[in-house]
Amino acid sequence: MEEFKTLFDQIKSKIENAKSIDELEKIRVEIMGRNGIITSLMKKIPEMPIEERSKFGKDVNDLKEKANKFLSERMILLREIEERSKAFQKYIDLTIPGPLRENGKIHVINQVINECVSVFSKMGFDVVEGPEMENVYYNFEALNTPEWHPARDLHDTFYITDSILLRTHTSPVQVRTMERRKPPLRIVSAGRVYRNDYDATHLPSFFQIEGLAIDQKISMADLKGTLENAIKSLLGEDKKIRFRPHYFPFTEPSVEVDVSFGGKKEWLEILGAGMVHPNVLRNVGIDPDKWQGFAFGMGIERIAMLKYGINDIREFPRNSLKFLRLF
Ligand code: PHE
């Protein structure tokens with residue numbers, strides 16, 4: 001009796017654990033087949049004492065019946081599972097590519113900044129950084145622009161306290177660099193600047209790249225050559241470039257540079273530049289009789305406008321994906 005009970009339990013758990021129709025078929029052969037468990041039990045009957053045969057035979061039959069019942073129940077279940085998964089495969093075609101996800105990309109302004117940095121790096125300029133929240137001293141005073149100076153009206157803009165403002169240009173980085181590093185030096189610094197301006201060619205917050213070169217024999221010719229080379233690398237050899245006399249308190253002489261724009265006889269100003277004013281050098285303890293230098297501040301959005309023929313600078317901060325995907 002006991003023996004039949006354990007045998008029954010073993011058979012039952014084998015059947016219940018069958019995971020597929022194929023597996024179940026193997027188990028069926030193991031139990032019911034010609035050399036299976038049941039058959040081998042039957043074969044024992046003739047060797048038994050007559051009195052035990054009928055009881056034993058009954059138990060084996062019983063076992064056989066139950067095993068059959070379990071096998072067919074399991075078969076029904078596994079068939080259903082296999083059928084369902086086939087139906088499921090009909091609806092879900094795993095070979096179809098998944099939904100497309102758009103890749104992110106570098107914003108057009110950062111692309112242009114990277115290009116400018118790369119052009120100037122090749123000419124030997126290091127990259128430095130400066131704060132967007134700046135001291136009045138660095139933004140104006142050290143740049144030869146005292147409080148009474150009329151040029152400050154053009155720039156007096158977003159103040160945080162009386163002595164701290166959002167920088168109106170990247171030129172304060174010139175002063176910060178010269179305080180830290182001894183000449184000769186060549187640096188560029190790109191970043192955001194802020195002004196009280198807003199029209200098709202001006203934004204209240206835009207990007208500039210500042211350049212500064214200090215050495216013992218630097219002239220306006222070096223400035224001109226450097227800028228021409230950079231502008232042509234950025235915008236193409238065919239671009240017309242115009243140097244126009246201008247005034248900045250921190251350079252002397254000063255120029256503004258325009259690039260031909262929009263086919264007709266139009267120009268777009270892209271930068272201010274000049275020879276570093278002796279007072280600026282004195283402010284950072286550099287002897288202007290020994291050292292000279294040039295500096296420039298270029299508008300990044302303006303370069304992007306020229307590069308891609310964009311007429312309205314306000315497209316950049318609008319950040320419409322339709323626009324940004326173009327670059
Ligand atoms: N800082 C000036 C501006 O933003 C540009 C400039 C930079 C001019 C360096 C001369 C030298 O308008």
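In strand S7, Val 259 is the bridge partner of Ile 241, where strands, like helices, are DSSP runs numbered from the N terminus (E, at least two residues, for strands; H or I, at least four, for helices). The model is a predicted one, in which local features need pLDDT of at least 70 and side-chain atom pairs count only at pLDDT 80 or more, whereas totals for chains, interfaces and linings use all residues. Residues are numbered from 1 along each chain as its sequence is written, and side-chain values use heavy atoms, with hydrogens and water left out.

Strand S6 (residues 241-248) and strand S7 (residues 251-261) pair in the antiparallel sense over 7 bridges, two strands being taken as paired if DSSP finds at least two bridges between them. The connection from S6 to S7 is a hairpin of 2 residues. Both strands belong to an open sheet of 7 strands with mixed pairing, in the order S1-S4-S5-S9-S8-S7-S6. Because strand S1 (126-127) and S6 stand at the edges of the sheet, each with a single partner strand, one side of each is left without a neighbour there. Strand S8 (residues 266-276) and strand S9 (residues 292-299) are also paired in the antiparallel sense, over 5 bridges, and Met 275 has Phe 294 in S9 as its bridge partner.

Around the ligand there are 14 residues, of which His 169, Ser 171, Arg 195, Gln 208 and Gly 297 come nearest; a residue is counted here if one of its heavy atoms lies within 4 Å of the molecule. A polar side-chain atom of His 169 lies 2.9 Å from a nitrogen atom of the ligand, and an N or O atom in the side chain of Ser 171 is likewise 2.9 Å from a nitrogen atom of the ligand. For Arg 195, an N or O atom in the side chain is 2.6 Å from an oxygen atom of the ligand. Taken alone, the ligand exposes 320 Å², and the protein buries 94% of that, with accessible areas obtained by the Shrake-Rupley method with a 1.4 Å probe.

Two loop residues were also examined. Leu 94, in the loop between helix H4 (50-91) and helix H5 (108-122), counts as exposed because its relative accessibility is 74%, the cut-off for exposed being over 50% relative accessible area. Lys 217, in the loop between strand S5 (205-215) and helix H9 (220-235), is exposed as well, with a relative accessible area of 78%. Lys 217 and Gln 292 are 75 residues apart in sequence, while their C-alpha atoms are 6.7 Å apart in space.

Conventions:
Buried < 20%, exposed > 50% of the residue type's maximum accessible area, 1.4 Å probe, protein only. Polar contact = N/O pair within 3.5 Å; in protein donor to acceptor, adjacent residues only side chain to side chain.
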